[in-house]
Amino acid sequence: MDFNLSQQHKALQAKARAFADEVLLPYEMECEDNDGLSVESLRAINQAVMDWEFNALNHSKEDGGQGYTIFEQMLVDEQLGRVTGAIWDTVFRPSYPMKYATPAQKAEYLIPTCQGKRRDCYAITEADAGSDPSQCTTRADRVGTDRWRINGEKWFVTVGDWADYILVHAHVDGDREKPAVFFVDKNLPGVELKRTPKYTHHFAYKHPEYIFRDVEVGDDKLLGQVGEGYELTKDWFVEARLGIAARCVGGAIRATEVANDFAAGRIQFGKPIRDFQAIEFMLADMAIEIMAAKTLLYRGCWEIDRSDDRRRNHAIASALKLHCSEMVGRVTDRAVQILGGRGYMRENPVERLWRDTRVDRIWEGTSEIQRVIVSGQIKKRGLDIYTGWL
């Protein structure tokens, strides 16, 4: 069993590291100081994404993407996770379920989104429906023979400020047994921006709330079939959770690098603080946690690439997201502690990473929900799905 990266994968990893360091890192303080990036900066990065050929990693070349495998996407995401302010999200990746779009839908939405000419966002969460999407009250009712009327309210619509269309998860006729996903252009009558809340982190984009009042769309805006909404949304969650896991590893590595360099140069009581056991043990624990998470991440993504078991892949992605998001919380917290007062300053990347990654234990399924998924799989399939993996 050979665990070494191929030369192709090493080259991709190096390219992604260079892109993160050379293109994205210079925008970190703009994002921090201005609570986001200017239109000019976003457009410049968008062009750089195209120039470096990092657009639409998750979609086929036929649809305008790069056709990367899950493992290859992970290699890129790990490096993007080094960047604070969630500037990684400027490396646009059209929602995975759009691969199931009709040819006409691909021509109107997917292909131009892969080319950086449009931008999508995915609307699931509501005021009273988060971890359990079956509680969504957003509904789509039939109008005549070929149209739908959508009513409801969505929260935490990430990139909703920049996107020009929304993938809306709704229940047909208000029936939770009929989940569906619709393409909704933001400029349609009845699409209303309710508010744009402030959050703990500074983010390249915003997470606005939208209201849909009698928004009418045609049959041609239905993605897939009525009743397939949960599966489409679950596919979206799997990809999102794998991306989170990878970025958490990258963020943890950067925080540890900064802490390690600081500990080597910070002199107290006549010697570098890294020579004190309290510090060197923290660095040792950080390195081991990263090693364990990275091993799990690489193996998991490699395995998912070779599996067509949708539910098993969902189970593995949940385990990866849970472990890596909790790991980065512990690692960045230690990094802040090692840097002391400097670690608590927003100008320092460890402070921003510590603050940025807190949400990774919440969005796209809380840690508690991931444990529900993992324990449910153990009940259904036995411990072997996790403990007999290798």
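A crossing of two helices is called left-handed if the near helix is turned anticlockwise from the far one by less than a right angle. In this predicted model, that description applies to helix 8 as it passes helix 10. Helix 8 spans residues 310–339, and helix 10 comprises residues 367–381. Their axes come within 9 Å and cross at roughly 140°. Angles over 145 degrees count as roughly antiparallel, and helix 8 and helix 10 are therefore classed as oblique to each other.

Helix 8 also meets helix 6, which covers residues 229–265. Here the axes come within 7 Å, and the crossing angle is roughly 25°. Because angles under 35 degrees count as roughly parallel, helix 6 and helix 8 are described as roughly parallel to each other. The crossing of helix 6 with helix 8 is left-handed. By class, the residues of this contact divide into 21 nonpolar, seven polar and six charged.

Helix 6 leads on to the internal spaces of the model. Rolling a probe the size of a water molecule over the atoms shows where empty space is left. The count comes to two cavities of 30 Å³ or more. The largest cavity holds about 170 Å³ of space, and 18 residues line it. Nearest its centre lie Ala86, Trp88, Asp356, Thr357 and Asp360. Two elements, helix 6 and helix 9 (349–356), give two or more residues to this lining. Helix 6 gives the most, with three residues. In terms of residue class, the lining of the largest cavity has nine nonpolar, six polar and three charged residues.

The second largest cavity has a volume of about 30 Å³. Its lining is formed by Leu42, Asn46, Thr90, Phe92, Arg119, Trp162 and Tyr205. Four nonpolar, two polar and one charged residues make up this lining by class.

The strands may be followed from strand 2, which runs from residue 139 to residue 143. Strand 2 pairs with strand 3 (residues 147–154) through five bridges, and the two run antiparallel. Within this pairing, Arg139 stands opposite Asn151 of strand 3. Strand 2 and strand 3 form a hairpin with three residues between them. Gly144, in the turn of that hairpin, has a positive phi of about 65°.

Strand 2 is also joined to strand 4 (residues 165–172), in this case by two bridges and in a parallel arrangement. The bridge partner of Ala140 in strand 4 is Val172. Strand 2 thus has an antiparallel pairing with strand 3 and a parallel pairing with strand 4. As a general point for reading such strands, the side chains of a regular strand alternate between the two faces of the sheet.

How values were computed: Residues numbered from 1 in each chain as written. Predicted model: local features only at pLDDT ≥ 70, side-chain atom pairs only at ≥ 80, totals over all residues. Heavy atoms only, no water. 1 Å grid on protein atoms, 1.4 Å probe; cavity = no way out; pocket = protein on both sides within 12 Å on 5 of 7 lines; lining within 4 Å. Points joined across faces, edges and corners; volume = space filled by probe spheres on them. Helix = DSSP H or I, 4+ residues; strand = E, 2+ residues; numbered from the N terminus. Nonpolar A, V, L, I, M, F, W, Y, C, P; charged D, E, K, R; others polar. Pairing = 2+ DSSP bridges. Axes fitted to C-alpha atoms, helices over the stretch in contact; angles between N-to-C directions. Parallel < 35°, antiparallel > 145°, perpendicular 65-115°, else oblique.
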